[in-house]
Amino acid sequence: MRRDRQRVDGGIEITVYRNKEDRIFGYTVAGHHGQRGSSIVCAGVSVLAQTTLKGLGEHLMRLHNLSRSNPDSLSAYLKYKVAPGDLQVRLTTDLDDITDALLETMLIGLYDIYDERIRENDLDGVHIFEIQQDQEV
């Protein structure tokens with residue numbers, strides 16, 4: 001499990017939550033990188049995190065027999081908060097292999113951005129933390 005050694009002020013902080021089976025059940029993205037409105041780093045992180053949220057909600061909702069005609073029922077399986085510079089996502093149901101694949105793919109992309117920032121000697125750009133804790137189901 002890769003993670004930054006210490007929390008640092010500034011940049012984008014990504015926290016990924018894993019359950020005791022090592023499956024991702026939630027993530028948060030907070031902060032900003034560079035000048036607002038013009039940072040490709042911020043845009044890349046936002047696209048990965050928000051597209052994953054949309055994939056969980058709009059595409060994979062069929063896994064939970066949710067009706068497209070009743071999108072409010074989604075909140076029973078997926079809780080999220082979206083605000084400028086802040087995204088919080090939690091799955092509140094048992095996880096499956098397809099959901100796991102989507103979340104792990106997001107994390108691969110986020111680590112690619114993280115690794116690029118390190119190569120560019122931008123140590124304050126992106127920080128990723130992976131935390132293991134009990135999942136509330």
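User: Let's start at the first turn: how many residues sit between β1 and β2 in their hairpin, and which residue there has a positive phi?

Analyst: This is a predicted model, so read everything below as a property of that model. Strands β1 and β2 form a hairpin with five residues between them, and D22 in the turn carries a positive phi of about 70°. The two strands pair in the antiparallel sense over eight bridges. For a spot check, take I12: its bridge partner in β2 is G31.

User: Zooming out, in what order do the elements run along the chain?

Analyst: From the N terminus, you get β-β-α-β-β-α-β. That amounts to two helices and five strands.

User: And what is the strand order in the sheet?

Analyst: For a sheet, read across the strands rather than along the chain. Here the order is β3-β4-β2-β1-β5, in an open sheet of five strands with mixed pairing. The edge strands are β3 (78–83) and β5, each pairing on one side only. Ignoring direction, neighbouring strands are turned by 10° against each other on average.

User: Which way do β1 and β5 run, parallel or antiparallel?

Analyst: Parallel: seven bridges join β1 (residues 11–18) to β5. At the residue level, R18 stands opposite Q132 in β5. On the other flank, β2 and β4 run antiparallel and are joined by five bridges. Two partner pairs to click on there: T28 has Q88 as its bridge partner in β4, and G26 has R90.

User: β5 is an edge strand, so is it buried or exposed?

Analyst: Pairing and burial are separate readings, and you want both. Five of the seven residues of β5 (residues 126–132) are buried, so the strand is largely enclosed by the rest of the structure.

User: What does α2 touch in the sheet?

Analyst: Helix α2 packs on the sheet, touching β1, β2, β4 and β5. Its direction makes about 145° with that of β5.

User: Now the core. Which residues touch the most other members?

Analyst: The general idea first: in soluble globular proteins, nonpolar side chains tend to be buried together. In this model the largest nonpolar core has 29 residues, and I14, Y27, V29 and I128 touch the most other members. At least two residues of this core come from each of β1, β2 (24–32), α1 (40–59), β4 (86–91), α2 (97–119) and β5. The biggest share is from α2, with seven residues.

User: What is V29 in contact with, beyond its neighbours within four places in sequence?

Analyst: V29 is in contact with I12, E13, I14, V45, A49, G85, D86 and L87.

User: Let's do α1. What span should its 20 residues have?

Analyst: At 1.5 Å a residue, they should span 28 Å; the end C-alpha atoms are 26 Å apart, which agrees. For burial, look down the helix: V41, C42, V45, A49, T52, L53, G55, L56 and G57 are buried. The cover over these buried residues includes β1, β2, β3, β4, α2 and β5.

User: Any whole-chain numbers? What percentage of the residues is buried?

Analyst: Buried residues make up 42% of the 137 in the chain. The chain exposes about 8200 Å², with carbon and sulfur atoms supplying 48% of it. Then there's contact range: among contacts with a separation of 6 or more, 64% link residues 24 or more positions apart.

Methods
Residues are numbered from 1 along each chain as its sequence is written. This is a predicted model: local features need pLDDT of at least 70, side-chain atom pairs count only at pLDDT 80 or more; totals for chains, interfaces and linings use all residues. Side-chain values use heavy atoms; hydrogens and water are left out. Helices (H or I, at least four residues) and strands (E, at least two) are DSSP runs, numbered from the N terminus. Buried means under 20% relative accessible area, exposed over 50%, partly exposed in between (1.4 Å probe, protein chains only). Contact means heavy atoms within 4.5 Å. Accessible areas come from the Shrake-Rupley method with a 1.4 Å probe; for residues, only the protein chains shown count as cover. Two strands pair if DSSP finds at least two bridges between them. A nonpolar core is a set of buried Ala, Val, Leu, Ile, Met, Phe, Trp, Tyr and Cys residues joined through side-chain atoms within 4.5 Å. Axes are lines fitted to C-alpha atoms, for helices over the stretch in contact, and angles run from 0 to 180 degrees between N-to-C directions. The expected span of a helix is 1.5 Å times one less than its number of residues.
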